[in-house]
Amino acid sequence: MAPQTRRTAFPKVLIERDTDSEQSSSEEEEEQEEDPPSEEENENENEEKIEDSNDGKKKGKATITISLKKVCKVCKRAGHEAGFKGATYIDCPMKPCFLCKMPGHTTMTCPHRVTTELGVIPAPHKNTQNLVEFIFERQLRPGITSIKPAYVIPDQVNCAAIRYHSRRITCLEFHPTNNHILLSGDKKGQLGVWDFAKVHEKTVYGNIHSCILNNMRLSPANDGTIYAASSDGTISCTDLETGISSSLMNLNPDGWQGPRSWRMLYGMDINSEKGVVLVADNFGFLYLVDTRSNSQTGKAILIHKKGSKVVSLHCNPVQPDLLLSCGNDHFARLWDMRRLEAGSALCNLEHRRVVNSAYFSPLSGSKILSTSQDNRLRIWDSIFGNLDSPSREIVHSHDFNRHLTPFRAEWDPKDPSESLAVIGRYISENYNGTALHPIDFVDINTGQLVAEVMDPNITTISPVNKLHPRDDVLASGSSRSLFIWRPKEKYDVAEQLDMRKIVVFGGDEKKRGKKSRDEYDDDSDDEKFNFKGKNVKAKKSEKETTRYSRKVKR
């Protein structure tokens, strides 16, 4: 008997696509009026549809429709697109401006994109009438020079470590005594110690935390010890020389019991006067850890809305009893550590969206700078004055979706006028056909953009930035790479290129095969740093110093 073959019935495929030249609704109506369909044509079409559906039922296959129409990723509606196309941001017509969050214009034509100081009220130069502030000006302010010096901007890449970490960088700190040591944490929980004077040396401790290292602070009593807070719910104390780490507190001793009970530590600071490490979790609680006994003291204190994430803690540099916190409940709060109780905040600084960070000014401690997800930098000129509303708001692009470390505006610790802040930019700019994300230096007294620094080889976003406390150096973390910026020297172009050193780590990471699911959460920089110099090499085992040989374009 001859073998029988099964007849395979393939489903009917309909492809919907946008026409190259879309017709307006008025033209379509005119065509319908000019050529109305006849009854016979309608009957024939209905008969064809019935036959197609009957055929589908007989064969047991449903019709597959493939739509190639444009769908907006913002509002999920068809007919238009929104988002980045190269260096140009296309607005969704259903949403307000992506930069200032106001309707009536697009992001490309937003007035704040041209002048950052638009609508900003400059800081007053008159004497204060507040008695407390007057005493502060008389007793503490004389140590700060009244003449505002010229800003020194690190605007050129001096050296870099490409793919220094295995995951994206989350925090940076400079060593308090060694000017060339940069400490970095990443999403995997690793701690990096990089001597950028030697460039090629790489030290990464990978056995400290099991997931995101959110914050770290060096011990005021011992500059060879660093404390770190992680999303695994632990505080670590690590020796920088040996990498030996000990856990001071573990909020998840029973391991993973589900997302509702898992506690993660975010905000962190050290109060050297009281000798305690302050950390806060994702449920709104504050914890105190004694640095002498290396154990928790007292009970957890609810300082923000229960269930909200507390992402930043900062003790006042002049009066350590003052504590500033902020979190996902849209508030930054001022506390007196001598009376820490739930609901006893000295002041609640309201924001319209999530607050990424809030810091006191580094020298006098009298100003507050906060970064919020509503694309606003908020400044309070005096903690002794009226804190009901900020002294000024500066529109700046740092609202992001995900897969990025949150943007945080950082003070310049060397600026005696306490007016310069640095922050990375989210919206890209078109520089000679290349989409770049600059790092902005902003004058918080006037709202003016002092400088925007970028490099044509760095096309990834730089959300983590730290200014050196003593030298004119800027450290930035972009994806998994570290960059050191210095001011441009008055050398020839050839000498400048010869002085700039780049070392590439992790050259064999592309040959891994399939990536894990978590690796797709980060913005990969494997193909985004295009160094075309002849001396740039990446080796598997050797760490070789390379030259940065591409001219900066402006």
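A charge sits over a ring if NZ of Lys or CZ of Arg is within 6 Å of the ring centre and within 35 degrees of the ring normal. Keep that in mind for the first stop, and remember that you are looking at a predicted model.

**Stop 1: charges over rings**

Select K101 and F98. The charged end of K101 sits over the ring of F98, at 4.5 Å from the ring's centre. Now pick R263 and F283 to see another case: R263 lies over the face of F283, 4.6 Å from the ring centre.

**Stop 2: rings with rings**

A pair of aromatic rings is described by how far apart the centres are and by the angle of the planes. This structure holds eight aromatic pairs. Start with F174 and F196, which meet edge-to-face, with 6.4 Å centre to centre and 80° between the planes. Where in the chain do F174 and F196 lie? F174 is in strand β6 (residues 169–174), while F196 is in the loop between β8 (191–195) and β9 (203–205), so you can colour those parts and see a pair that links distant parts of the chain, 22 residues apart. Both F174 and F196 are buried.

Next, show W256 and W262. Their pair is tilted, at 5.5 Å centre to centre and 50° between the planes. Are these two buried or exposed? W256 counts as exposed, at 57% relative accessibility, but W262 is buried, with a relative accessible area of 16%.

Before moving on, add Y164, W194 and F505 to F174 and F196: these residues form one aromatic cluster.

**Stop 3: a four-stranded sheet**

Switch to cartoon view and find β10, β11, β12 and β13. They form an open sheet in that order, with antiparallel pairing. Look at the edges: β10 (213–218) and β13 (245–250) each have a single partner strand, so one side of each has no neighbour in the sheet. From one strand to the next, the twist averages 20°. Zoom in on β12 (residues 234–239) and β13, which pair in the antiparallel sense over five bridges. Here S236 stands opposite S247 in β13.

**Stop 4: cysteines without a bond**

How many disulfides are there? The count comes to zero. Select C75, and you will find that the nearest cysteine sulfur, that of C92, is 3.5 Å away. C75 is buried, with a relative accessible area of 17%. Then try C110: its closest cysteine sulfur is in C100, 3.7 Å away, which is too far for a bond, since a disulfide needs sulfur atoms within 2.5 Å. C110 is buried too, at 0% relative accessibility.

**Stop 5: salt bridges**

There are 24 salt bridges in the whole structure. Select D336 and R338, whose side chains meet at 3.0 Å, N to O. D336 counts as buried at 15% relative accessibility, whereas R338 is exposed at 59%.

Now go to D374 and R352, where the closest N and O atoms of the salt bridge are 3.6 Å apart. D374 lies in the loop between β23 (368–372) and β24 (376–380), and R352 in the loop between β21 (347–350) and β22 (355–360), so this salt bridge ties together parts that are 22 residues apart in sequence. D374 is buried, at 3% relative accessibility.

Finally, select D399 and R353, which form a salt bridge at 3.1 Å, N to O. D399 is buried, with a relative accessible area of 5%, and R353 is partly exposed, at 33%. To finish, highlight R113, R425, E429, D440 and E452: salt bridges that share partners join them into one network.

Conventions:
Residues are numbered from 1 along each chain as its sequence is written. This is a predicted model: local features need pLDDT of at least 70, side-chain atom pairs count only at pLDDT 80 or more; totals for chains, interfaces and linings use all residues. Side-chain values use heavy atoms; hydrogens and water are left out. Rings of Phe, Tyr and Trp (its six-membered ring) pair if their centres lie within 6.5 Å; planes under 30 degrees apart count as stacked, over 60 as edge-to-face and the rest as tilted. Helices (H or I, at least four residues) and strands (E, at least two) are DSSP runs, numbered from the N terminus. Buried means under 20% relative accessible area, exposed over 50%, partly exposed in between (1.4 Å probe, protein chains only). Two strands pair if DSSP finds at least two bridges between them. Axes are lines fitted to C-alpha atoms, for helices over the stretch in contact, and angles run from 0 to 180 degrees between N-to-C directions. A salt bridge is a side-chain nitrogen of Lys or Arg within 4 Å of a carboxyl oxygen of Asp or Glu.
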